[in-house]
Amino acid sequence: DFMWNLPFKIVLEVVVIYIPILFHAIYGLYIAFTAKENVGRHSLFRNWMFLLQRLTGIISFIFIAVHVYQTRIQAALGHHVDFDMVSDILSNPISVTLYVIGVLSVIFHFSNGLWSFFITWGITQSPKSQRFMTYVTLFVFIVISIIGLRAIFAFV
């Protein structure tokens, strides 16, 4: 009830959530479709992470759009968002599979993007610090993935 009764809830959602995510998504799609991957020529780990970042960004964009439609927009149309609603969404194996792929894509995109953030902002400059951050972000990916998968399967 607290979240549903916040004053200016729609304004908060639009300004704090939707506009930043939409900007990130549109700019990310631009980067994904204009970036030149070089995995075919160089099979280095970070080249694969670059490619996977773009692929998971596209998957995440689609997944978030579908998820927002299935939950937030449906709620605005009068459907009650509760356990039963999500349980109905995840009532067949195809939906569960797509949600698992979507959630893992979002988590990978976040974790690998976190690594890129530390590099881009000069926080991890040396090869040793970058390698250490690779392990930190792998740990972040594993922990959040366990939480996300447990949340999905709580509805199944």
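Me: A pocket is an open set of points on a 1 Å grid over the protein atoms alone, where a 1.4 Å probe fits, with protein on both sides within 12 Å along at least five of seven lines; lining residues have an atom within 4 Å of a point. What is the volume of the largest pocket?

Reply: The model is predicted, with local features needing pLDDT of at least 70 and side-chain atom pairs pLDDT 80 or more, while totals for linings use all residues. Residues are numbered from 1 along each chain, and side-chain values use heavy atoms, without hydrogens and water. The largest pocket has a volume (space filled by probe spheres set on the points) of about 1,300 Å³.

Me: Which residues lie nearest the centre of the largest pocket?

Reply: Of its 39 lining residues, Ile21, Leu22, His24, Ala25 and Ile64 do. Helix α1 gives the most to this lining, with 17 residues. α1, α2 and α4 (93-120) each give two or more.

Me: Why are α1 and α2 called roughly antiparallel?

Reply: The axes of α1 (residues 9-34) and α2 (residues 45-76) cross at roughly 150 degrees, and angles over 145 count as roughly antiparallel, so the term applies to this pair. The two axes come within 9 Å. Among the residues making the contact (heavy atoms within 4.5 Å) are Tyr18 and Phe33 of α1, and Ile58 and Phe61 of α2.

Me: What lines the second largest pocket, by class?

Reply: Nine nonpolar, two polar and no charged residues. The lining includes Phe63, His67 and Thr71. α2 supplies the largest share, three residues. The space in this pocket is about 280 Å³.

Note on methods
Axes are lines fitted to C-alpha atoms, for helices over the stretch in contact, and angles run from 0 to 180 degrees between N-to-C directions. Helices (H or I, at least four residues) and strands (E, at least two) are DSSP runs, numbered from the N terminus. Angles under 35 degrees count as roughly parallel, over 145 as roughly antiparallel, 65 to 115 as roughly perpendicular and the rest as oblique. Ala, Val, Leu, Ile, Met, Phe, Trp, Tyr, Cys and Pro count as nonpolar, Asp, Glu, Lys and Arg as charged, and the others, Gly among them, as polar.
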